[in-house]
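Q: Please take a close look at a single part of this model. I would like its charged side chains described, with what lies around them.

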Amino acid sequence: MELPFVSESMGVVHPICVEQGRNAEVWDEQGRRYIDFIGGIGVLNLGHCHPAIVEAAGAQLARLTHSAFNAVPHRGYLDVVAALQDFVPVSYPLRCMLTNSGAEATENALKVARGYTRRQAVIAFDDAFHGRTLAALNLNGKVAPYKQQLGALPGPVYHLPFPSADGGVSAEQGMAALTRLFEVEVSPDDVAAIVVEPVQGEGGFRLLDRDFARQLRAECDRHGIVLIIDEIQSGFGRSGTRFAFTHLGIEPDLLLMGKSMAGGLPLAAVVGREAIMNALPKGGLGGTYSGNPVACAAAKAVMQIMTEPRLGEWGKRIEQAIVAAHRRWQQSERFPMLGAMTGVGAMRGIVFDDTAAASGSQHLASLLARARQQGLLLMPSGRHKNVLRLLMPLTIEPERLDEGLALLERSLESLAA
């Protein structure tokens, strides 16, 4: 597929052009139907064109399409930040800033943390992904392709191994690395923030070790370091709860959200403790399009739909189906390239191992093409692009979920053959 006038630095996974979507299905320009297990890379937890979101956004379009909140506030922005008080499960009142994207939320969180602590250093983790803007991408835990040819990046930023049973790094190893960092590389008194994903997205759907998370929270409290939890991909129901940090038994100082926040419209946020969010001078935060009224209307609908009982039901149904299918495929011993399952709840990955025939990344690349031919859209992740990430909508119909998993199995059979 040709992409005329598009920068060649843009990468495309699937060479098709979609023009219509409904829940977990999309149709391309030739009218061919696909089951969508990508979901806009985690944006469509409520599926394509959810009726309540379409209705809310359409009604708002007829009333007010834009007002720059820094100049003239609008009710949609105020309603969203008020709704977040109940939607985000923390024990303290939030202060909020809406942004256009997750990367923009990350950038503003770094500003806020530096302003509050009057420190500059930041700690992030191997295989992390926090965005492609200049400061955010220095947090990313791999070089290619994000940091190549760019020279010195905003910092200083230090990286630690990501403790996770999914990645074979223990809590003890993680704490030892942090202790070494504080002894050898940087004083904790110079660290403004530690940024971590409770479940890595680009890194391969790996769940942060619960014991390490608690110890990390204690270290941040001990040294006055702002703990930033990035839930841009794992938030808004992806892990089976509203936010994945609840699986870890900790609370963030600042929380980043985006992707599924407005059901497909561009909206994100950085929220957190009042003293931290109020640290910059008036006018230090803002943005022309941040908190657009139409996106805010969609976000209000999303939060109304995402009740705890619904998220629990959807997450459990998807988790059970994926785990059962993976177990069946492994026990059959038909697919030697099929490795372990990663993640939690409905946020699941499947590792593809090296075999004598090909590397895990080569196996997965072939699978993506074969699945697309079968009518299923899939997405890779992991440092070596050898982890299949499954991001079907939480609202996927049971029959579509079964059909998609059957197509995935058929594609695995083709790959094994």
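A: Arginine 273 lies in strand β10, which covers residues 268–273. The model is predicted, and local features are described where pLDDT is at least 70. With a relative accessible area of 29%, arginine 273 is partly exposed. Its side chain makes a polar contact of 2.7 Å with the side chain of aspartate 253. Apart from neighbours within four places in sequence, the residues in contact with arginine 273 are Tyr92, Arg217, Glu251, Pro252 and Asp253. Histidine 48 is 225 residues from arginine 273 along the chain, and 33 Å separates the C-alpha atoms of the two.

One of the contacts of arginine 273 is Arg217, and this second arginine has a salt bridge of its own. Arginine 217 pairs with aspartate 221, with 2.8 Å between the closest N and O atoms. Both residues belong to helix α7, where they are 4 residues apart, so about one helical turn separates them. The two ends of this salt bridge differ in accessibility: arginine 217 counts as buried at 10% relative accessibility, while aspartate 221 is exposed, with a relative accessible area of 53%.

Side chains of opposite charge can pair when their charged atoms come close. The structure holds 20 salt bridges, and some of them join into a network. Arg22, Glu25, Arg33, Arg400 and Glu403 are linked in this way. Within this network, arginine 33 and glutamate 25 meet through their side chains at 2.6 Å, N to O. Arginine 33 is partly exposed, at a relative accessible area of 28%, whereas glutamate 25 counts as buried at 6%. Another pair in the network is arginine 400 with glutamate 403, whose closest N and O atoms are 2.9 Å apart. These two residues are 3 residues apart in helix α12, residues 398–416, so the separation is about one helical turn. Glutamate 403 is partly exposed, with a relative accessible area of 25%.

Glutamate 197 is a charged residue without such a partner. It is buried yet has no salt bridge, and the nearest side chain of opposite charge, that of arginine 389, is 7.8 Å away. For comparison, a salt bridge requires the nitrogen and oxygen to be within 4 Å. Glutamate 197 sits in the loop between β7 (191–196) and α7 (210–223), and α7 is also the helix that holds arginine 217 and aspartate 221. The side chain of glutamate 197 reaches backbone nitrogens instead. One belongs to phenylalanine 129, at 3.3 Å, and another to glycine 201, also at 3.3 Å. Neighbours within four places in sequence aside, glutamate 197 is in contact with Ala128, Phe129, His130, Phe162, Leu208 and Asp230.

A last item is open space in the model. The second largest pocket has a volume of about 520 Å³. It is lined by 21 residues, of which Cys96, Met97, Met277, Asn278 and Leu285 are the closest to its centre. Helix α3 (75–87) and strand β4 (94–99) each supply at least two residues of this lining. The largest share, 5 residues, comes from β4.

Notes
Residues numbered from 1 in each chain as written. Predicted model: local features only at pLDDT ≥ 70, side-chain atom pairs only at ≥ 80, totals over all residues. Heavy atoms only, no water. Buried < 20%, exposed > 50% of the residue type's maximum accessible area, 1.4 Å probe, protein only. Lys, Arg positive; Asp, Glu negative; His and termini not counted. Polar contact = N/O pair within 3.5 Å; in protein donor to acceptor, adjacent residues only side chain to side chain. Contact = heavy atoms within 4.5 Å. 1 Å grid on protein atoms, 1.4 Å probe; cavity = no way out; pocket = protein on both sides within 12 Å on 5 of 7 lines; lining within 4 Å. Points joined across faces, edges and corners; volume = space filled by probe spheres on them.
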